[in-house]
Amino acid sequence: MKRTTGKTSTNNLLLFPEAEPVPQDDLLSEDATAARPPDWRERERALDIRTSWIVEAPAGSGKTGLLIQRYLKLLADGSVREPEQVLAITFTNKATAELRERVIGQLEAAAAGGGPVKGFDRQTRVLAQAVLARDGAAGWGLIEHPRRLNIRTIDSVCAEISRSLPVLSSSGGRQAPTTEADRLYREAARRTLKQLGGEDAALHEALRTVLLHRDGNLAECEGLIAAMLGWRDQWGQLVPLRGEALDDAALDAKILPKLERALDVAICQALTQLSESLSAAALEELTMVAAEFATLEGYNGDPSPIAMCAGRMQSPVALANDLAHWRALVHLLLTPSSKTWRRGFNVNHVGFKTGAAHKTRLKEMVESLEDRDDVLQALCQVSALPPARYPADQWKVAKALFRVLSHALVELQLVFAETGECDFVELSLAARSALTREGGVEDLAAALGVETMHLLVDEMQDTSTGQYELIERLTQGWDGFSQTVFLVGDPKQSIYRFRQARVERFVRMMHEERLGDLPLGRLRLTANFRSQRRLVEQFNEDFSQVFPPVADIAHPEEVPYAGADAVREVSATEGLVWHARAASSGRTDEETKQNRRRLNRENARAVRRIAADWMARPLPAGRTEPWKIAVLVRSRQHLAGIVTELNREGVPFRAVEIEALGERQEILDLLGLTRALLHPADRVAWFAVLHAPWCGLGLADLHRLAGGDDEGLKERCVADLIRERGHMLSEDGEERLARIWPVLDAADGQRGRLPVYEWVERTWRSLGGDSYLDEGERANAMRFFRLLDEIEAETGRVEPGLLAMRTKKLYAQAALRPGAVDLMTIHGSKGLEWDVVMVPGLEKRSPPDRGYLLNWMEIDSGDEAVAHMVLAPIPGKGEDTRDLNAWIRFVHGLREAAERKRLFYVACTRAKEELHLFAAPDRGSKGEVRVEPSSMLKTAWQVAKTHFEAQDEEEQEAFPGFEGEVLAIAAVAEKERPPVLRRVRSEFDPSERFAGIVRLPQGETAGAVRAAFERPEGSFAARAFGNAVHAFLEIAAQRLAEGGTASRLLGEIAGWQGRIEAVLRADGLAPAVVSRLGQRVLEALRLTLGDRDGLWILSPHPEASSEVAMTGWADGFRSVRLDRVFRAGAVPGSSGTSHIWIVDYKTATHGSNAVEEFLARERAKYKVQLEAYARTLARLTHGDAPEIRVALYYPALAKLTWWVPELI
C-alpha cells in the first residue's frame, strides 16, 4: 500500500410438469470451464431452479448477471405457463429499468445471433436462446411485448396489490401515489392541531399536553407531527386507532406492559452479554471490591455512587432487578462522560474517598481488562441501559402523543380521500393488510389472472421490516421447489438505515436459512470481477480489520467480512493510496483553523492533479471510452473546495444530485419573479426582481426606490414606488427600469388568463432572463417551469412556500461531458464503478440525526407479549435528555457506527484500477491525532493509523511563510472574482436577439427556421400527452405498413402501457400524472384504430410518411413538420394517387361544447396554419403536384375534419 417449508396445494402439484433443463454441455463447454471463476460451484448451484436460495454477493461479484441467468432459466422452464409468473423485485426505478434492459438486451442478442461469446456471456446467451424457444412455442412475444417481463419495484408491487384487492386492502384502489407527500402530511397535521379547543375533550387535553411539552410552539409541533406521519409504517402498529383503546385504562393495561416487557428483554440481553464477557473470577473480584469500597465516604458529602453495593457479596445476575448493582460495578471501571476505561481514581473521579491502596487495586482491575474491547463495549451498553420501568412523566406525554397521532392518522386518510393521492407507505400498508387476510394470496392470483410461481429479489439487504413482511406474505404456503425464491444481497452494502433498512433481517435469514416457513439454501459468492488484484488483496487485508470475522448474535448489525477472490490480474496502477496528514495545532484557534483550511486546499489540489493525470493517460489498445473518474463524499457539503479547484483549473466535472435546484441563482431569480407576479404586494420579491440580472438595479438605487429611511413608505407596494420615485434613480438605473417595467406592467395584465408556468415563462423570456444563461442553467429553468405546471395541476394554484420547498428537493442539471469527473455522494454511487475513485473528507463527522415527536427503536423478540419496538416521547423544550431517550440514541449510535463500516466498504469497492483515500484530521496540543468518533476515519482507524506519521518540528510550527501564501491566494481570488452583481448591459434589449426577422403575412419570419405554430398549447402535461399520441400513432402506422392488421394492432397496443409511460416520464411528469395520461394515450390509439377515418389515415398509402420535415419558400422562407402525408383519392376513405393529403393530429377534446361546433371552431383556428403547409408543399413540387387536401384528425374523439385549401 502506498502512503502520501410450507404446504403445497393440489393445484400447484398439477401445474408442475417435469422441467425442461438447458443442456449442461451447452452451459459448460470446454471454453467455459477453462475460464471458471473461483466460486463457479456456487454459481452453478444458484441455477438449480428447484431450490430456493439466499445468496450473499459482495461488491463486484456480478450478482445482477447471476440473477438474470436464473430469471432466464425460470422463463425457459416448462412449469412456467406465463412469463408474469416469474416476478423479479428491485427497490428503485433505476435498478428496475437496468434489469429489464439487460434482460431484453440478452433476448434481442440471442434473436439476432451474432459472433461467438465466451464464458459467462456464453452461458447467458444459451439461456436466452432457450427462453426464445419457449417464447415461440407459447406465443408470449416477449421481444414485442417486453412489459410481460414481470420486473418491478417493490412499490409498484404494493400498488398493484392495493388496486387489485381494494376491499381486502381497505384502500378503495383509486388513489394515485405521489413522491411529494409532505404537503399531505402537513395538511393532516394542521387539521389535527385545529382540534385544540374543539368538542373532543380528550383530544384537546392531549394537544394541550403536547404543546406545553414543546413550549407552545405550534409551527414546530405541526412539523413534528407531519414528520411522524411519513414513518407510520414503523410505529403505527403500536399506536391504537380506536377511541376505546386510547383510554388511560386501556393504554395502561395493554400497551404499557408490552413496552415494559420490551425494556426488560433489552436489559436482560445487555446484562447477559456483559456477564458472558467477564470471567466468573473477574466478576466475583469486582463484586467483592465494590462491596468493600461501598462503605467509603462520598465526595463533598454526597452519597457514594456505589453505596448500594454494601453487604452485596454475591455477584449480580442478568435480570432487570439487579440493574442498579451492575451499574455500580460499571462505575468502577468506566469514566461516565467519555465511556472509556478509567485513568483517574481520585475522589473527584470516582465519587468516594480513596486511599493509595484503593487506587492501586482499582487500577490493577482496569489494567487486567483494558485490552478487552468486547468487555468495554458490553460495559458501555450496560451504562446506557434504560430504566426497567417506563418513567411515569414520560408515559403521560406518550399517551398524549398516541391520541394526537391516532387522530392525525385519521386526518391523513381524509386528506388522501379528498385529493385522490396517497404516499407509497399507504400502498405498502394496504398491500400487507390485503395479504394478511385469510385467502389474500389466492384472491390476488384470481384478480391478476396469474399465479406467481417464482420470486427473485435483488438488494435484499435493503429491505425494511414492513417490506420483509410483505415478501414473507407473498410467499406464504410455498413449498420451496415448485415455487421458489431467490434472494440476492450483500449485507456489507446495506447503507440505507435512514430508510429503515434492517440488515439484521438479512443476516438472520442467512443464519437460519429460512424466509418465514420457507426453507432456503445458502450460497456465498467470492469472485470479484471489478477490481484489479492489487486492490482486492488490499481490501481483504484492510476490511478484515474493520469488520468482525464472524457474526455475533448479540450485535446482528455488525456484519462479518469474508475475503474476496480476484479474477482480474494486477494492472500497472498504484492500487490503494492513502493521503493521510493531520493539521497542526496552532497557537490560537484561528491559527488552527487556518492550518486546517490550508490542508483542505492541498487535498483539493491533489484531487485535481490525480484527475488531470488520469485524463491525460493514454487509453489501452482497443478502448475508446475515456477513463472514468469519480470523487465520492459522505455529504454534499464536502465537495465545496474540490469544485472550486476543478473550476479554477478548467477540469470538467459532472455533479450528480449534488446541488439543490432551489439553491441555484437562476432558480432563486425565477422564484422571486414568480412570487412578485403572484403577490404584487410582496416587496421583497419585487426588489429581488429589480436586482436580478435582467434588470440589475444596484443597492443604492433600490434603497432610493424603497424610500430610503422614510417610515411612511415602508409598506407601499413597489409598483406605486416606481411610478412615484422612478425618476429619482441614477441615470443607469432609470434606463434599466424603463426597459423592464413595461414588460412587468404588461405581465400584470395577463393575470388569470394563462397557466402560471406559461405566465412566468413568457415574462421571464420577455425580460431577457434566458439570454445570459448557459445550457445547464437553461435546463434548470425549464425544470422549474415543469415544476410550476405540476404544482398547479396537483393543487389548482401555486403557493410560493410549497414551490420553494419543492425546488429544494430537486437537483440542478448535471452537465453531460464525456470524460468529466463524476462528483456524487457515496449513497448515490452504490451499484456503479469507476476506473479511479477518490474519497476525500474521511475525517468529517456525521450530521446529527433529526428529532422526532416519538423516538423509536425496533426490537426483535419473537414474543407476542413484548412490544416489537420501544417508544420514547421527545424531551420537553429545554429539558435534558432522559434515560430512555439516551438509551435509544445509544443503540442507534451502535447501528450507525456499524453502517459507517459498510459505507466505507461501498466507497472503496467502486474502484477498478486505483483508489485514493484522503483524511485530514486535527492534531491536539500534544501532537496526537484527533479522530471524530462519528467519522469514517474512526471506522477505518485500525487501518489508517499507520499512515499518520509524525510530522517534524517545522510542520508543528504554524507553517513559516503561511501568511504570505494566504495573501497570495487572496490576491488571485480577488483577481478572478466575478462581479458582485451579475447583470445584463443597461442598453440590452431582449428583442434585439430577433433583429432582422421580418414578420410575414401568415405569421412566419424570414429569419426563422421553426414553424410559427411549433409551440403546443396548454400545460406541460397537455404537451407531453400530445407528443406521446403523435409518437405512438407513428409507430402504429409503421406496424400497418409492415403488414399488420388493425385487429392485431388493437391487441398489441395493450402491451404498450409501459413504453407510453416511459415517454411521459421522460417529460418530467409526476407519477400520478403519468399513470393517468398513459391510459388516455392508450384510449386515443384504440379509438383511432377503431375509427374508419383514423384507420384510413394510418393505413399504407403511396408515398406515405409520418413526421415529415420540409423547408422551402412560400410567401417567405418556411420550415414545417407534417404529422402525416400520403397520396389517396379526393375524399376520405378513397384510394388512388390523384391527391396529396396533409393531416395534422390534434389532441384537444370538445369539453362541454357540441362536437360539430368544436370542430368548426378548430377548423377556423388552424385554417391559416394548414394552408401555409399546403403552399409550402405545392412550392416544393414546382407546381407539378396533384391537388392537395388538408385535414385535422382528433384521436381522442375519433373525428376528422377536412377541406380543399386555398393555395393562392
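Here are three short exercises on the predicted model above, each with a worked solution.

Some ground rules: residues are numbered from 1 along each chain as its sequence is written. Local features need pLDDT of at least 70, side-chain atom pairs count only at pLDDT 80 or more, totals for chains, interfaces and linings use all residues, and side-chain values use heavy atoms, leaving out hydrogens and water.

**Exercise 1.** Work out what share of the protein chain's residues count as buried.

*Solution.* Start with the cut-off: buried means under 20% relative accessible area (1.4 Å probe, protein chains only). Now apply it to the 1208 residues, and 52% pass.

**Exercise 2.** Find the residues with the most contacts inside the largest nonpolar core, and the helix that gives the most to it.

*Solution.* A nonpolar core is a set of buried Ala, Val, Leu, Ile, Met, Phe, Trp, Tyr and Cys residues joined through side-chain atoms within 4.5 Å. The largest one has 133 residues, and I161, W235 and W887 have the most contacts inside it. Helix α19 (a DSSP run of H or I, at least four residues) spans residues 392-419 and gives the most to this core, 13 residues. Apart from it sits another core of 51 residues, including I667 and W764.

**Exercise 3.** Pick out the partners of I161, leaving aside neighbours within four places in sequence.

*Solution.* Contact means heavy atoms within 4.5 Å. Skip those sequence neighbours, and I161 is left touching A431, A434, L435, L444, L470 and L474.

Methods:
Buried means under 20% relative accessible area, exposed over 50%, partly exposed in between (1.4 Å probe, protein chains only). Helices (H or I, at least four residues) and strands (E, at least two) are DSSP runs, numbered from the N terminus.
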